[in-house]
Amino acid sequence: MTRTAIPLPHLIGFTDRGGNWYAEEVPLAQLAKEFGTPLYVYSKKALTEAYQAYDRACIDATGKRRARIHYAMKANSNLAVIDCLRQLGSGFDLVSGGELARALAIGADPQSLVFAGVGKSADEIAQALKAGVKCINVESISELHKINRVAKELHCRAPISLRVNPDVDAQTHPYISTGLKGNKFGIAYHEVLKTYREAALLSQIDVVGIDCHIGSQITTTSPYLDAVDKVLDLVAQLKKEGIEIHHLDLGGGLGISYGAECPPDITEFTNALLNRVAERGFGYLDLVLEPGRSLVGNAGVLLTQVEYLKPGVEKNFCIVDAAMTELMRPALYEAYHGIVPVQTKAVENVTYDIVGPVCESGDWLGKDRSLAVEEGDLLAILSAGAYGFVMASNYNTRPKPAEIMVDGNKAFLIRAREKMVDLFANETVLPK
Ligand SMILES: *Cc1c(COP(=O)(O)O)cnc(C)c1O
């Protein structure tokens, strides 16, 4: 089967100009030459425009802000990326103490930080409380008690929200669905009210919000509207019981087009959610959205060089210098990424599996792709801005690639390629 029928995603910041791919005003081939491959390249314009689309939709006709954006930095946590978003006005959704440290390193306002995650340690909770984050999103009764304990030790109060598992099917890949009752995430819908009642009685806990996050790479709005309705039902019930909720955090998860998908655009999606909340009479709540992928996914590509073309009996292999170690999504979710030659060549098209050098059969980046390439050519793996570098590993003792951000005609090295010696610098052999 060939997949030539799958269209390329609509990209901002990356263009094919007469057979040469560019990041904004810089040829990708030039970047590969200057910085080597594999190489992550991000477009500042692409991420800026995605952020601004969200931001515009968050402001109503009278100029009043209806919602705030807290970028889920696990999608791409490079300091330059998060600092660009901070400058545009974004807050952040964090899922670890490490991400909190990144947010503080760029000088993010602690009140623009929400701390999520299903398994926060006491240390991470303490770190968040000391930093003074806006809210800790709680995922279990045990966690609630742990937060209360840590806050008591620190003689402070803990602002919390409960993450509701609304039991809606986000119709996405099972590994990135999070809002079904079989998922590990959130507090079961029927236990949420009980847990809020319990939270209200704890000495150090301030109930401030309610949140949900139903999954990732979601391409329709309807599961969100179902989740909104179910969560608002809880807010109404809590109000009756005298438990006042101030903010409603609807999570992230809006999908992007990797090729064949047609997700709603950011404006349409955001309006649908915010309008539903307003129609139901909850427009007074502070709303929070936590997009990750939809801000950065199509703002990045992974450049790689063809090492070998290996004709096979059943398959032809195009062996490149990037692998599952740089982009794990195909190996992990059988995810599709568009792959294009950086420079058009007048050679015959051949159908290849594009694979990396790692010793795993799961190490592939694209299957059954018709490409006109020769050894030494460059390929761009598209839509690699989200869940790309952040999932990179050193498996097979491979140094992590460099990252570049392009802004107009300038290219900035925003993370140096790892050096081989650094990979085992923390290891020691046993004494003689
Ligand atoms: C991962 C995550 C997000 C962002 O998801 P995307 O699919 O990248 O938009 C938002 N909120 C929480 C709690 C998450 O875990």
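## Close-up views of the ligand site and two sheets

**View 1. Glutamate 290 meets a nitrogen atom of the ligand.** In this predicted model, a polar atom in the side chain of glutamate 290 and a nitrogen atom of the ligand are 2.5 Å apart. Have a look at lysine 74 as well: one of its polar side-chain atoms lies 2.7 Å from an oxygen atom of the ligand. Tyrosine 387 also takes part, with an N or O atom of its side chain 2.5 Å from an oxygen atom of the ligand. Taken on its own, the ligand has 390 Å² of accessible area, and the protein covers 94% of that.

**View 2. The shell around the ligand holds 14 residues.** Which of them come nearest to the ligand? They are Lys74, Ser216, Gly253, Glu290 and Tyr387. Sorted by class, the shell contains 5 charged, 5 polar and 4 nonpolar residues. If you are browsing the pockets of the model, the largest pocket is where the ligand sits.

**View 3. Strand β14 and its partner strands.** Strand β14 spans residues 300-310 and pairs with strand β4 (residues 39-43) in the antiparallel sense, over 4 bridges. Within this pairing, valine 41 has valine 301 of β14 as its bridge partner. Strand β19, made of residues 378-381, is also joined to β14 by 4 bridges, and the two run antiparallel. Here, leucine 378 in β19 is the residue opposite glutamine 305. As a reminder, strands of a sheet pair through backbone hydrogen bonds, in a parallel or an antiparallel way.

**View 4. A hairpin built from β14 and β15.** How many residues lie between the two strands of this hairpin? There are 6 residues between β14 and β15. Strand β15 covers residues 317-320, and its antiparallel pairing with β14 is made over 4 bridges. To find your way along the pair, look for tyrosine 308, which stands opposite isoleucine 319 in β15.

**View 5. An open sheet of 3 strands.** The strand order is β1-β2-β3, with antiparallel pairing. Why is one side of β1 and of β3 left without a neighbour in the sheet? Both β1 (14-17) and β3 (26-27) stand at the edges and have a single partner strand each, so one side of each lacks a neighbour there. Strand β2 (residues 20-23) is joined to β3 by 2 bridges, and these strands run antiparallel. In this pairing, tyrosine 22 and proline 27 of β3 stand opposite each other.

Definitions and conventions: Residues numbered from 1 in each chain as written. Predicted model: local features only at pLDDT ≥ 70, side-chain atom pairs only at ≥ 80, totals over all residues. Heavy atoms only, no water. Near = heavy atom within 4 Å. Polar contact = N/O pair within 3.5 Å; in protein donor to acceptor, adjacent residues only side chain to side chain. Areas by Shrake-Rupley, 256 points an atom, 1.4 Å probe, with all protein chains shown as cover. 1 Å grid on protein atoms, 1.4 Å probe; cavity = no way out; pocket = protein on both sides within 12 Å on 5 of 7 lines; lining within 4 Å. Sits in = over half its atoms within 2 Å of the grid points. Nonpolar A, V, L, I, M, F, W, Y, C, P; charged D, E, K, R; others polar. Pairing = 2+ DSSP bridges.
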